[in-house]
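Work through the exercises below with the sequence and the model open. Try each task before reading its solution.

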Amino acid sequence: MSSIIDVIQPFAIGGLSGMLATAVIQPIDTVKVRIQLINESKHLSATPESTNPFDVARSIRAKEGIPAFYKGLDSALLRQATYATARLGIYKTIVDDIKKKHQKTEISLWEKSYASIIAGFLGSLIGNPMDLILVRFQSDGLLPPEQRRNYKNAIDALIRITREEGLLTLWRGSSPTVLRAIAVNLGTLMPYDEVKDRLNQITGNKTETTGKRLAASAVSGVVGSVMCLPFDNIKTKLQRMKAGPDGKMPYKNLLDCFLKSVKNEGVAGLWVGLPTFYFRVAPHAGITLLVQDYLTDFVKRARGKH
């Protein structure tokens with residue numbers, strides 16, 4: 001029984017940590033998605049909307065009300081229940097297995113990178129359907145009323161997408177989602193653990209204090225934001241796109257979306273909304289990783305393994 005709990009524990013804690021962070025950060029995530037989509041279409045308008053995060057937030061509040069900031073929260077939580085559970089659980093399992101196999105308390109930067117890539121790849125494939133649904137919820141308000149999908153909830157969206165567009169549509173945009181997830185893991189999980197290890201060496205004390213964890217989460221938030229925003233931008237565009245009047249999709253694939261984005265928005269456009277994205281990613285990563293550490297410590301003490 002104990003061995004089964006040992007296997008399940010990192011996955012359960014990872015999922016709970018991600019869901020808590022998402023519940024806190026959801027309004028910022030909605031603003032981030034809107035900024036990306038406004039920037040995508042600004043070359044088509046003579047008077048494009050502002051991409052200033054405060055202007056975007058005021059526009060959402062004025063036109064759609066406060067609940068619009070939490071539109072798609074159910075799918076966001078379900079996404080974390082799949083994506084965060086998988087990526088954090090797999091990462092922790094791989095890291096613990098390496099430590100146990102080689103009988104050491106710290107692992108190398110390469111080993112952390114390896115664990116991050118594997119966990120990000122598998123976690124993103126599992127979480128992509130809910131990620132696509134979340135993007136559609138958050139972007140629906142930008143469409144003309146007659147073109148809005150108006151999904152009732154995450155389950156309704158799941159059923160309608162499968163029925164109207166086919167099952168494989170749930171994995172539309174999975175290529176940038178996978179790349180984004182790998183970038184997120186390499187930019188957050190690996191630096192978080194690496195900074196804690198380096199601070200332990202500098203201080204000569206291997207006790208993980210709150211100060212060390214906060215410093216590690218701050219570094220991981222900056223690195224993760226810069227690394228994954230271009231992939232997040234492309235992913236958002238692919239997942240929310242609709243066929244035009246001629247029946248053709250605006251983008252053929254990942255490369256086509258990337259090239260058109262650079263052509264229409266410039267290279268810097270891939271990082272549009274970086275400040276907002278940072279204030280979305282950094283707190284989310286910080287809350288997730290801090291809660292994960294504290295829950296792990298709590299469970300270990302409760303089970304007499306600390």
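The place of glutamine 103 is the loop between α3 (73-102) and α4 (109-139). The model is predicted: local features need pLDDT of at least 70, side-chain atom pairs count only at pLDDT 80 or more, and totals for chains, interfaces and linings use all residues. Residues are numbered from 1 along each chain as its sequence is written, and side-chain values use heavy atoms, with hydrogens and water left out. Helices are DSSP runs (H or I, at least four residues), as strands are (E, at least two), numbered from the N terminus.

**Exercise 1. Backbone in two loops**

Task: state the sign of phi at glutamine 103 and at asparagine 150.

Solution.
- Start with the general rule: most residues other than glycine have a negative phi.
- Glutamine 103 has a positive phi, near 50°.
- Its relative accessibility is 74%, so glutamine 103 counts as exposed. The classes are buried (under 20% relative accessible area), exposed (over 50%) and partly exposed in between, with a 1.4 Å probe and protein chains only.
- Asparagine 150 also has a positive phi, near 55°. This residue sits in the loop between α4 and α5 (154-165).

**Exercise 2. An arginine beside the second loop**

Task: find which backbone oxygen the side chain of arginine 160 reaches.

Solution.
- Locate arginine 160 in helix α5.
- Its side chain reaches the backbone oxygen of arginine 149 at 2.7 Å.
- Now list contacts (heavy atoms within 4.5 Å). Leaving aside neighbours within four places in sequence, arginine 160 is in contact with Arg149, Asn150, Tyr151 and Glu165.

**Exercise 3. The nonpolar core**

Task: identify which element gives the largest share of the largest nonpolar core.

Solution.
- Take the definition: a nonpolar core is a set of buried Ala, Val, Leu, Ile, Met, Phe, Trp, Tyr and Cys residues joined through side-chain atoms within 4.5 Å.
- The largest such core has 17 residues; Ile90, Tyr91, Ile94, Val95, Ala115, Leu189 and Tyr192 touch the most other members.
- Two or more residues each come from α3, α4, α6 (174-203) and α9 (274-302).
- The largest share, 8 residues, comes from α3.
- Check isoleucine 94: leaving aside neighbours within four places in sequence, it is in contact with Tyr114, Ala115 and Ile118.

**Exercise 4. Salt bridges**

Task: describe the salt bridges of glutamate 194 with lysine 112 and with arginine 198. Then treat the pair of aspartate 232 and arginine 180.

Solution.
- Apply the cut-off: a salt bridge is a side-chain nitrogen of Lys or Arg within 4 Å of a carboxyl oxygen of Asp or Glu. The count comes to 27 salt bridges.
- Glutamate 194 and lysine 112 bring their closest N and O atoms to 2.6 Å. This pair links distant parts of the chain: glutamate 194 is in helix α6 and lysine 112 in helix α4, 82 residues apart. Both glutamate 194 and lysine 112 are buried.
- Glutamate 194 and arginine 198 have their closest N and O atoms 2.1 Å apart. They are separated by about one helical turn because they lie 4 residues apart in helix α6.
- Glutamate 194 has a relative accessible area of 15% and is buried. Arginine 198, at 31%, counts as partly exposed.
- Aspartate 232 and arginine 180 meet at 2.5 Å, N to O. Aspartate 232 is in helix α7 (residues 210-240) and arginine 180 in helix α6, 52 residues apart. Aspartate 232 and arginine 180 are buried.
- Finish with the network of salt bridges that links Asp193, Lys196, Glu208, Arg213, Asp293 and Asp297.

Definitions and conventions. Polar contact = N/O pair within 3.5 Å; in protein donor to acceptor, adjacent residues only side chain to side chain.
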